[in-house]
Amino acid sequence: MPPRNLFHAIALGGLATLAHPFAFAAKAASAAGSSLGRGARRFIRWRQSAAHSKLDVAQWTPELLKRLEWRRFEELCAAYFEALGFRADLVHAGAGGGVAITLYQQGSERAAIIVQCKPWNAYRVGIKPVRGLQSAMAAANVGEGVLVTSGKFTQEARDFAGKEKISLIDGTELVAKIAALVPEKALALFKYATEGDFLTPTCPSCEIKMISRKSTTQGRKFWGCRNYPACKHTFFEAS
């Protein structure tokens with residue numbers, strides 16, 4: 001069971017016995033939402049194609065973390081918090097984004113921490129998502145929050161979070177925290193994160209892997225849903 005000071009446990013990467021490894025995964029497969037939301041959305045940059053550069057998949061690196069598709073990144077975050085001894089539930093999110101994971105102390109039915117994931121590396125994560133997490137915490141009457149990104153945070157975001165009960169974990173820090181786990185857990189997380197196709201984005205609406213396409217007007221590569229034109233979800237690859 002996590003220590004009473006939950007923030008302290010996360011900050012130190014506290015260890016606990018994991019009774020059911022990645023128990024959230026079965027529910028994740030049927031989750032109908034994500035922190036990216038549903039329906040047609042603005043185009044989002046996504047740098048996932050391993051064909052454009054060599055990617056070391058033999059060990060954890062910040063670059064490998066950045067290349068994880070958004071769904072796998074969220075599931076990895078949930079698995080990490082379960083490795084700390086929490087029960088982690090992926091939950092639905094609205095079109096504007098929202099809660100990605102709720103954390104519970106073992107045996108408790110009351111959410112202890114709200115976690116939001118930002119698998120984003122086009123630029124640093126600013127203050128707006130931190131404010132959004134604060135609002136989600138207030139709405140759910142949860143006193144602590146964690147914002148995790150595969151990229152970096154702006155100083156403004158860190159300054160704001162420091163005044164609230166919000167912990168920010170960037171990509172480099174997450175890699176270090178996973179590495180600090182007992183070797184068996186760290187290896188299990190790595191195998192889980194890199195199993196199968198972990199690079200191709202999942203369509204947030206249709207829950208299926210997207211396919212690589214090329215714009216006929218601009219020649220830009222992007223990921224499109226296999227159910228197009230019924231589903232128009234699109235992720236542009238970062239150049």
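Biologist: Leaving aside its neighbours within four places in sequence, with which residues is Cys203 in contact?

Modeller: Please bear in mind that this model is predicted. To read such a feature, one lists the residues that meet the chosen one in space. Beyond its neighbours within four places in sequence, Cys203 touches Trp70, Ile208, Met210, Cys225, Cys231 and His233.

Biologist: Where does Cys203 lie along the chain, and is Cys203 buried or exposed?

Modeller: Cys203 belongs to the loop between helix 8 and strand 7 (211-214). A residue is called buried when its relative accessible area is under 20%. Cys203 has 0% relative accessibility and therefore counts as buried. One may also compare separation along the chain with separation in space: Cys203 and Trp223 are 20 residues apart in sequence, and their C-alpha atoms are 9.2 Å apart.

Biologist: How should I read the order of strands in the open sheet?

Modeller: The order tells which strand lies beside which. Here 5 strands form an open sheet in the order 2-3-4-5-6, and the pairing is mixed. Strand 2 (86-90) and strand 6 (166-169) are the edge strands, each pairing on one side only. On average, neighbouring strands of this sheet are turned by 20° against each other, direction ignored.

Biologist: In what sense do strand 2 and strand 3 pair, and in what sense do strand 4 and strand 5 pair?

Modeller: Strand 2 and strand 3 (residues 101-105) are antiparallel, with 5 bridges; Phe86 stands opposite Gln105 of strand 3. Strand 4 and strand 5 are parallel, with 6 bridges, and Ile113 has Glu144 in strand 5 as its bridge partner. Strand 5 also pairs with strand 6 in the parallel sense, over 4 bridges, where Val148 faces Ile169 of strand 6.

Biologist: Through which helix does the chain cross from strand 5 to strand 6, and what is the handedness of the crossover?

Modeller: The path runs through helix 6 (residues 155-163), and this β-α-β crossover is right-handed.

Biologist: Why is strand 5 described as largely enclosed by the rest of the structure?

Modeller: One counts its buried residues. In strand 5, 6 of the 6 residues are buried, so the strand is largely enclosed by the rest of the structure. Both of its faces are covered: Glu144, Val146 and Val148 are buried on one side, and Gly145, Leu147 and Thr149 on the other.

Biologist: Which strands does helix 4 touch as it packs on the sheet?

Modeller: For a helix on a sheet, one notes both the contacts and the angle. Helix 4 (residues 70-83) touches strand 2, strand 3, strand 4 (113-118), strand 5 (144-149) and strand 6, and its direction makes about 160° with that of strand 2. Helix 7 (residues 171-179) lies across strand 5 and strand 6, at about 90° to strand 6.

Biologist: How many aromatic pairs does the structure hold?

Modeller: There are 2 aromatic pairs. In one of them, Trp60 and Phe190 meet edge-to-face, with 5.4 Å centre to centre and 85° between the planes. Trp60 lies in the loop between strand 1 (44-45) and helix 3 (62-67), while Phe190 lies in helix 8 (residues 183-193), so the pair ties together parts that are 130 residues apart in sequence. Trp60, at 15% relative accessibility, counts as buried, and Phe190, at 12%, counts as buried too. Tyr80 and Phe81 also form an edge-to-face pair, at 5.3 Å centre to centre and 65° between the planes. Both Tyr80 and Phe81 are buried.

Biologist: Which residue lies over the face of Tyr104?

Modeller: Arg87 takes that place, at 4.1 Å from the ring centre.

Terms used
Residues numbered from 1 in each chain as written. Predicted model: local features only at pLDDT ≥ 70, side-chain atom pairs only at ≥ 80, totals over all residues. Heavy atoms only, no water. Phe/Tyr/Trp six-rings, centres within 6.5 Å; stacked < 30°, edge-to-face > 60°. Helix = DSSP H or I, 4+ residues; strand = E, 2+ residues; numbered from the N terminus. Buried < 20%, exposed > 50% of the residue type's maximum accessible area, 1.4 Å probe, protein only. Lys NZ or Arg CZ within 6 Å of the ring centre and 35° of its normal. Pairing = 2+ DSSP bridges. Axes fitted to C-alpha atoms, helices over the stretch in contact; angles between N-to-C directions. Contact = heavy atoms within 4.5 Å. Right-handed = clockwise from strand over helix to strand, strands pointing away.
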